[in-house]
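Student: Got a minute to go through a model with me? I'd like to talk pockets, helix packing and any odd backbone spots.

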Amino acid sequence: MNYPVWEVPVLGGGMLIGIVAIAHVFIAHFAVGGGLFLPLTEWKAYRENDPRILEYVKRHTRFFVLLVLVAGAVTGVGIWWTIGLVHPSATRTLLLVFVFVWATEWVMFVVEIAAALIYYYGWEPMAPRTHMMVGWIYFAAAWLSLFLINGILTFMLTPGQWLETRSLWHAFFNPTMLPSLFLRTLIAIALAGIFALFTATPLQPGDFREKMVRWAAQWLLPPGLLMPLGLVWYLAKVPESARQLALGGVAPVLQVFVFMSLTLSLLIFAFAYWGAFKLPRLFSQPFALLIMVLAFLTTGMTEWVREAIRKPYVIYGYMFSNAVRPEEVPVLRKQGVLTSARWTTVPRATHDNWRQAGREIFRLQCASCHTRDGYNGIRPLIFGWDERMINQALQRLHRLRGFMPPFVGTEQERKALARWLADIAKEDGWMPNQRHRE
């Protein structure tokens, strides 16, 4: 209630964050796994005394640096831009709670950039041992960056004892921190293999091409075996309500996404084993591109599920998705949302301004998740509802839809919102047979 509401037409703010974040998460995990792939493959070249491997690693490094330092950095800035505009209250909380963690992560990011550039430009002037050491420095900084960001992300779903202690230690080492770190490290290693398949398959056909394709495929095999254990560990630590959302049939769309994510993961590892590892001669770049696309879709669906199971919270148990904190609900019901909000064009709801007031209440309480007609649009959801039905639903919204926060505001504000929703529901033929209740 302390910040302006930034509405994104059609897509909605949440979807915009998702688009930018999924692209960044995909590249960022490759930045970690690829950072391990480079020095290990360089070491393999020296150990086997094979200059062809060394030449391959040089080309792969160029691909790695361009993707990670350009696309990864741009999407990383994009996340800060979108979350700061769409959900400033939650962003502020994460900054205040984890200020020293963020500062440390930014130091790690600077080390990453410096080490990656030195590694890329250091092939000729640097001794092999020194050059590999730079690669290991990059990987250490990249993994520590993952370690730090993972603690912040998992806090949003499982703040744990922080809700009582407000301790940074409890916030960072929250219940899902370690299982999530385990899973994300495996994902990073698998993505290193997936991107390596993409750069190895264009090599000239022959024994060397088969060797490098099989080497890349091996990076997917351990994650394929260990990820189910990590998933069970992670699900055992999430709140019961979150587990019910993901697996319990409460939200059918979520179950579809969970099923598709697991199915696509199985397909990826099946292609990697039976295709790239067992039949490297027949494995082509289109197949590698297919695996990459499947991995991107899996990342998107998995991240979408991870975000969705927090509902109705943006920070579980601390702040609802519309930036209202649970302890503020009684106060706002008494004083009113419009009266309490600092950035609003309507000071209060009256009989004469119900249209403007209803629209403003929707922006303050609903626009963080819903658009009017676009993604998660409100009009299709209330198709066939009249004002009385909407008003009754608003009174027990959090009970009818457990993944939605309760309506907060005065009775007059609730009626204004119900009236406005009923009015837009019948626009453009949505409710042609309904008469508006004056």
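Tutor: Sure, let's take those topics one at a time, and keep in mind that this is a predicted model.

Student: Pockets, then. How much space lies in the second largest pocket?

Tutor: About 960 Å³.

Student: And which residues lie nearest its centre?

Tutor: Ile 187, Leu 231, Ser 261, Ser 265 and Thr 302. They belong to a lining of 34 residues. The elements that give two or more residues to that lining are α1 (13-47), α8 (177-200), α10 (221-237), α11 (240-247), α12 (252-277) and α13 (285-308).

Student: Which helix gives the most to the lining of that pocket?

Tutor: α12, with 8 residues.

Student: What about chemistry: how do the lining residues divide into nonpolar, polar and charged?

Tutor: For the second largest pocket you get 23 nonpolar, 8 polar and 3 charged.

Student: You listed α1 and α13 there. At what angle do α1 and α13 pack?

Tutor: About 125°, and their axes are 9 Å apart. The angle makes α1 oblique to α13. As for handedness, the crossing of α1 and α13 is right-handed.

Student: Which residues meet there?

Tutor: On the α1 side, Ile 22, Ala 23, Val 25 and Phe 26. They meet Met 292, Ala 295, Phe 296, Thr 299, Gly 300 and Glu 303 in α13. By class, the contact of α1 with α13 has 7 nonpolar, 2 polar and 1 charged residues.

Student: Okay, and α4 with α5? Parallel or antiparallel?

Tutor: Helix α4 (residues 99-121) and helix α5 (residues 128-157) pack at an angle of about 155°, with axes 8 Å apart. That is over the 145 degrees cut-off, which makes α4 roughly antiparallel to α5.

Student: Is that crossing left-handed or right-handed?

Tutor: Left-handed: that's how α4 passes α5. From α4, the contact includes Trp 102, Met 108, Val 111 and Tyr 119. Among the α5 residues in the contact are His 131, Tyr 138, Leu 144 and Ile 152. The residues of the contact of α4 with α5 divide into 17 nonpolar, 4 polar and 2 charged.

Student: Switching to closed-off space. How many cavities of 30 Å³ or more does a search of the whole structure find?

Tutor: The search finds 4. The largest cavity holds about 230 Å³ of space. Of the 19 residues that line the largest cavity, the closest to its centre are Val 5, Val 86, Asn 322, Ala 323 and Leu 364.

Student: Which elements give two or more residues to that lining?

Tutor: α3 (88-97) and α16 (354-365). The largest share, 3 residues, comes from α16. By class, the lining of the largest cavity has 11 nonpolar, 7 polar and 1 charged residues.

Student: Last thing, the backbone. Where is there a cis peptide bond?

Tutor: Between Lys 311 and Pro 312, with omega about 10°. Pro 312 lies in the loop between α13 and β1 (313-315).

Student: And what is phi of Arg 166 near?

Tutor: Phi of Arg 166 is near 55°, a positive value in a residue other than glycine. Arg 166 lies in the loop between α6 (162-165) and α7 (168-172).

Student: Why bother flagging these?

Tutor: Because most residues other than glycine have a negative phi, and most peptide bonds are trans.

Definitions and conventions:
Residues are numbered from 1 along each chain as its sequence is written. This is a predicted model: local features need pLDDT of at least 70, side-chain atom pairs count only at pLDDT 80 or more; totals for chains, interfaces and linings use all residues. Side-chain values use heavy atoms; hydrogens and water are left out. On a 1 Å grid over the protein atoms alone, a cavity is a set of points where a 1.4 Å probe fits but cannot get out, and a pocket is an open set with protein on both sides within 12 Å along at least five of seven lines; lining residues have an atom within 4 Å of a point. Grid points are joined across faces, edges and corners, and a volume is the space filled by probe spheres set on the points. Helices (H or I, at least four residues) and strands (E, at least two) are DSSP runs, numbered from the N terminus. Ala, Val, Leu, Ile, Met, Phe, Trp, Tyr, Cys and Pro count as nonpolar, Asp, Glu, Lys and Arg as charged, and the others, Gly among them, as polar. Axes are lines fitted to C-alpha atoms, for helices over the stretch in contact, and angles run from 0 to 180 degrees between N-to-C directions. Angles under 35 degrees count as roughly parallel, over 145 as roughly antiparallel, 65 to 115 as roughly perpendicular and the rest as oblique. A crossing is left-handed if the near helix is turned anticlockwise from the far one by less than a right angle, and right-handed if clockwise. Contact means heavy atoms within 4.5 Å.
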